[in-house]
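The exercises below concern the contact between two chains and the charged pairs found in and around it. Please work through each task with the structure open before reading the solution.

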Number of protein chains: 2
Amino acid sequence: MASTPLSLSPPRGMRDFYPEAMRVRNAVFDAWRGAAARFGFEEYDACVVENLELLQRKAGEEIVDQIYAFRDKSGRNLALRPEMTPTLARLVAARRQALALPLKWHCIAQCFRYERATRGRKREHYQWNLDILGEPSVAAENEIVGAAVCALDALGLERSAYRVHVSSRALVGELLDRLEVPPAHHPAVFLALDKLGKLEEPKIRALLSDAGLDASAIARVFELLNVASLDDAEALLGRRTPAAARLAALFEDAEPAGYQEVLTFDIRVVRGLAYYTGIVFEGFDTARDFRAIFGGGRYDNLLADVGGTSLTGVGLGFGDVVIAELLAARGRMPAAAAERDTAVGFMDVAQRRAALRLAARLRAEGRSVDLALAPEKARSFFARAGKQGFREAVYLGPDDLRNGTARIKDLRNRTERPLALD
Amino acid sequence: MASTPLSLSPPRGMRDFYPEAMRVRNAVFDAWRGAAARFGFEEYDACVVENLELLQRKAGEEIVDQIYAFRDKSGRNLALRPEMTPTLARLVAARRQALALPLKWHCIAQCFRYERATRGRKREHYQWNLDILGEPSVAAENEIVGAAVCALDALGLERSAYRVHVSSRALVGELLDRLEVPPAHHPAVFLALDKLGKLEEPKIRALLSDAGLDASAIARVFELLNVASLDDAEALLGRRTPAAARLAALFEDAEPAGYQEVLTFDIRVVRGLAYYTGIVFEGFDTARDFRAIFGGGRYDNLLADVGGTSLTGVGLGFGDVVIAELLAARGRMPAAAAERDTAVGFMDVAQRRAALRLAARLRAEGRSVDLALAPEKARSFFARAGKQGFREAVYLGPDDLRNGTARIKDLRNRTERPLALD
C-alpha cells in the first residue's frame with residue numbers, strides 16, 4: 001500500500017500540537033476562558049469554514065488577498081476564515097431582535113491567512129476574540145482592556161513586562177483637521193501610521209506622497225509624532241475635544257479597574273483594519289522585541305456592512321503565538337510537563353483484577369490514574385512513575401492481595417500510607 | 001458598501017454556536033477531557049488542514065470521496081481532515097523513536113465530510129479520539145471502553161440508557177473459515193455486516209452476490225447472525241480460539257473495571273473503516289433510536305501505511321452530535337442556561353468608580369462578575385440579574401458610598417449581607 005513514503009510534516013505553515021505543546025496551548029486557552037468568565041463574557045463559536053462572500057465584503061482589505069478560498073462539490077464559494085469579526089457580524093445580524101444589548105461575547109477562533117512563509121509567520125493561529133456590542137460609553141473599552149490584562153495576570157506575565165498602548169482614530173482625525181490635512185487624506189495617514197516601525201521613514205513618506213499629500217502636508221503629518229501624551233494632544237487642539245474626553249475617561253477608569261500602570265498613550269497606534277472608528281489599543285512587550293500581543297478598538301459599522309442596522313461595538317483580538325513566544329522568552333512558559341495524580345502498577349497477572357478495581361475506585365473519586373497495561377517489575381514501575389510526573393504511585397504484589405492492603409507512595413516527599421483493597 | 005444583502009446563514013451543513021449551544025458543546029468537551037484525564041490520556045492536536053495525499057492514502061475508503069479538498073496559492077493539495085486517524089499516524093511516525101510506548105493520547109478534533117444534506121447530517125462535527133498505541137493485550141481495549149463509559153457517566157447518561165456492542169473481526173474471520181466462506185470473500189462480508197439495519201436484506205444479499213459469493217455461501221454468511229453470544233461462537237468454532245479468548249478477556253476485565261453491565265456481544269458490529277483488524281465496538285442507545293454514540297477497535301497497520309514500522313493500537317471516535325441528540329431526548333441535556341456569580345450595578349455616574357473598584361476586587365477573588373456598563377434603576381437591575389441567572393447581585397447607590405458598605409443580595413434565597421467598600 002505504502003509505495004512511496006509520505007511526508008510526515010504538517011502542511012506548510014500549519015502546526016502540530018504534540019502533548020507538550022498542547023499543554024501550553026491549553027494553559028493559554030484556560031487563561032483566556034478564565035478571564036472571560038470573570039468579566040462575564042459568554043462564549044460562542046462558528047465553523048472555521050465561512051461563506052467567501054461574507055469575508056470578502058467584511059474583512060479588513062489587506063486580509064482579503066490572504067484568504068484560503070475553495071469551492072465545495074456543489075460549487076459553493078467557501079473559505080477558511082482569516083478573522084472572526086465578519087462571522088460575529090453575521091451571527092449578531094441574524095438574531096438582532098432576540099439578543100439583549102449590551103452583548104458581551106467571546107470566542108477562541110482558529111483563523112487562517114496565507115502569508116509568505118519567509119517571514120517565519122504561521123498560516124494559522126488561534127485568536128481570542130472579545131466583543132461588547134451596543135454600549136456607546138467608554139465603559140466597554142474599559143471592560144475589554146481589563147479582561148485582556150486579567151488573562152495576562154493569569155498567565156503570570158508581570159505588569160512591568162508589557163504596556164497597553166492606546167490612541168483614538170477620532171482623536172487623530174481631530175489632530176489632522178487641526179494640522180489642516182484634508183479629510184480625504186486621513187485614511188492614507190492611518191495606513192502610514194500603522195507602518196511606522198515596520199517600514200523605513202522614506203518609504204512611509206513615499207506612501208503618503210503616492211496617496212496625493214504634498215511635501216507640506218507630509219511634514220504636518222509627521223508633527224503628529226510629537227504628540228506624546230493626551231495633554232500634548234489637547235494643547236495642540238486648544239481644548240478637550242469629544243475624542244480627547246473619551247480617551248481621558250478611559251485613563252480615569254483604569255485606576256479603579258486596577259490596570260492603570262500598564263496603560264500608555266501612543267499616537268502611533270491606529271490598527272491595520274479599516275473598520276475601527278474610535279479608541280484603538282495594542283498590547284506590546286515593554287522591550288518591544290515582539291509583535292503586538294493583542295489589539296482592538298471601537299467600530300461603529302459592523303452590522304451595517306452585512307446589511308443590518310448600525311450597532312456600535314468594541315472588540316479585541318489576542319493571538320496564541322506572540323504571547324507564547326513572550327512567555328517563553330521571560331521564563332514564564334506554562335508547565336510543559338504533565339501533572340498527573342496516580343500511577344497504578346502490578347507485579348503479575350494474578351494482581352491484574354485487583355489493579356483494575358483499584359484504578360476504577362480512584363478514578364471514581366476524581367483522580368487522574370494511569371493504570372499499567374501489563375505486569376512490570378517494581379523498580380521499573382517506580383522509575384517510570386517518577387519520570388512521568390506522577391504525584392503518587394501504588395504497586396500491587398502478591399503480599400498486598402493477601403493482606404487486603406496496598407501502600408500508596410507519595411513520590412515527592414517519599415512517604416507512604418496504607419490503602420485498603422476492598 | 002452593502003449593496004445586496006448577504007446571507008446570514010452559515011455555509012450549508014456547518015454549525016453556528018450561539019452561547020446557549022456553546023454551553024452544551026463545552027459541557028460535552030469537559031466530560032471528554034475529564035474522562036481522558038482520569039484515564040491518564042495526554043491531549044494532542046493538529047491543524048484541521050492536512051496534506052491531501054496523507055488522507056487519500058490512509059483514510060477509510062468510503063471517506064475519500066467525501067473529502068473537502070482544495071489547493072493553496074502555491075498549488076499544494078490540501079484538505080480539511082475527515083477523521084483524525086491519518087494525522088495521528090503521521091504524528092506518531094514522525095517521532096517514532098522518541099515516543100515511549102505504550103502511548104495513550106486523546107484529542108477533540110473537528111472533522112469535515114461532504115455528505116448530501118438530505119440525510120439531515122451535518123458536514124462538520126467534533127470527534128473525541130482516544131488511542132492507545134503499542135499495547136498488544138486486551139488491557140488497551142479495556143481502558144478505551146472504560147474511558148468512554150466514564151465520559152457518559154459524567155454527562156449524566158444512565159447506564160441503562162446504552163450498551164457497548166462488542167465483536168471481533170478476527171473472530172468473525174474464524175467463524176467464516178469454519179463456515180467455509182473463502183478468505184477472499186471476507187472483506188465483502190464485513191461490508192455487508194456493516195450494512196445490516198441500514199439496508200434491506202435483499203440488498204445485502206445482492207451486495208454479497210455482486211462480490212462473487214454464490215447462494216450457498218450467502219446462506220452460510222447469514223448463519224453468522226445466529227451467533228448471539230460468545231458461547232454460541234465458541235460452540236460453532238468447537239473450541240476457544242485465540243480471537244474468542246481475547247474477547248472473553250475483555251468481558252472479564254469489564255467486571256473489576258466497573259462497566260460490565262453495559263457490555264454486550266454483537267456479531268453485527270464490524271465498523272465501516274477497513275483498518276480495524278481485531279476487537280471492534282460501538283456504543284448505541286438501548287432503544288436503538290440513534291446512530292452509534294461512539295465506535296472503535298484494534299488496528300494493526302496504522303503506521304505501516306504511512307511508511308513506518310508496524311505498531312498495534314486501539315482507537316475510539318466519539319462525535320458530539322449523536323450524544324447531544326440522545327441527552328436532549330432523555331432530558332439530560334447539560335444546562336443551556338448560564339451559571340454566573342455576581343452582577344454589579346449602580347444608580348448614578350457618581351457611583352461608577354466605586355462599582356469599578358468593587359468589580360475588580362470580586363474578580364481578583366476569582367468570581368465571575370458582570371459589571372453594568374451604564375447607570376440603571378434598581379428595579380431593572382435586579383430584574384435583569386435574576387433573569388440572566390446570577391447567584392448574587394450588588395447595587396450601589398449614594399447611601400452605600402456614604403456608609404462605605406453595600407449589600408450583596410443572594411438572588412436564590414433572597415437573603416442579603418453587608419459588603420465593605422474599601
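A residue counts as buried when its relative accessible area is under 20%. The model used throughout is a predicted one.

**Exercise 1. Examine the salt bridge between A:Asp320 and A:Arg15, and decide whether each partner is buried or exposed.**

Step 1. Begin with the distance: the closest N and O atoms of A:Asp320 and A:Arg15 are 3.0 Å apart.
Step 2. Then place the partners along the chain, where A:Asp320 lies in helix 12 (residues 320–329) of chain A and A:Arg15 in the segment before strand 1 of chain A, so that this pair links distant parts of the chain, 305 residues apart.
Step 3. Finally apply the cut-off: A:Arg15 is buried because its relative accessibility is 13%, and A:Asp320 is likewise buried because its value is 6%.

**Exercise 2. Locate the partners of the salt bridge between A:Asp253 and B:Arg352, and determine the burial of each.**

Step 1. The closest N and O atoms of A:Asp253 and B:Arg352 are 2.7 Å apart.
Step 2. This pair crosses between chains, running from A:Asp253 in helix 11 (residues 242–257) of chain A to B:Arg352 in helix 13 (residues 352–364) of chain B.
Step 3. With a relative accessible area of 4%, A:Asp253 is buried, and B:Arg352, with 15%, is buried as well.

**Exercise 3. Carry out the analysis for A:Glu282 and A:Arg271, and then find the network that joins A:Lys104 to other charged residues.**

Step 1. A:Glu282 and A:Arg271 form a salt bridge in which the closest N and O atoms are 2.8 Å apart.
Step 2. A:Glu282 belongs to strand 11 (residues 276–285) of chain A, whereas A:Arg271 sits in the loop between strand 10 (263–265) and strand 11 of chain A, 11 residues apart.
Step 3. A:Glu282 is buried because its relative accessibility is 11%, and A:Arg271 is buried because its relative accessibility is 16%.
Step 4. Elsewhere, salt bridges that share partners join A:Lys104 and A:Glu143 with B:Arg363, B:Asp370, B:Glu376 and B:Arg384 into one network.

**Exercise 4. Describe the interface of chain B and chain A by its extent, its residues and its polar pairs.**

Step 1. Count the residues in contact: 97 residues of chain B meet 97 residues of chain A.
Step 2. Turn to the area, since the size of an interface is often given as the accessible area lost when the parts come together. Here about 8300 Å² is buried between the two chains, and carbon and sulfur atoms give 55% of this. Within chain B, the residues that lose the most area to chain A are B:Leu6, B:Tyr18 and B:Leu373, which together make up 10% of what that side buries.
Step 3. Count the polar pairs: there are 44 residue pairs in polar contact across the interface, both residues being at pLDDT 80 or more. Helix 1 (residues 19–38) of chain B supplies the largest share of the side of chain B that touches chain A, namely 8 residues, and that side divides into 47 nonpolar, 15 polar and 35 charged residues.
Step 4. Count the salt bridges: 18 are found between chain B and chain A, while a search of the whole structure finds 70 over all chains.

**Exercise 5. In which sense do strand 1 of chain A and strand 3 of chain B pair, and over how many bridges?**

Step 1. Strand 1 (residues 16–17) of chain A and strand 3 (residues 45–46) of chain B pair in the antiparallel sense, over 2 bridges.
Step 2. For A:Phe17, the bridge partner in strand 3 of chain B is B:Asp45.

Definitions and conventions. Residues numbered from 1 in each chain as written. Chains lettered and ligands numbered in written order. Predicted model: local features only at pLDDT ≥ 70, side-chain atom pairs only at ≥ 80, totals over all residues. Heavy atoms only, no water. Contact = heavy atoms within 4.5 Å. Buried area = accessible area lost by both parts, 1.4 Å probe. Polar contact = N/O pair within 3.5 Å; in protein donor to acceptor, adjacent residues only side chain to side chain. Helix = DSSP H or I, 4+ residues; strand = E, 2+ residues; numbered from the N terminus. Nonpolar A, V, L, I, M, F, W, Y, C, P; charged D, E, K, R; others polar. Pairing = 2+ DSSP bridges. Salt bridge = Lys/Arg side-chain N within 4 Å of Asp/Glu carboxyl O. Buried < 20%, exposed > 50% of the residue type's maximum accessible area, 1.4 Å probe, protein only.
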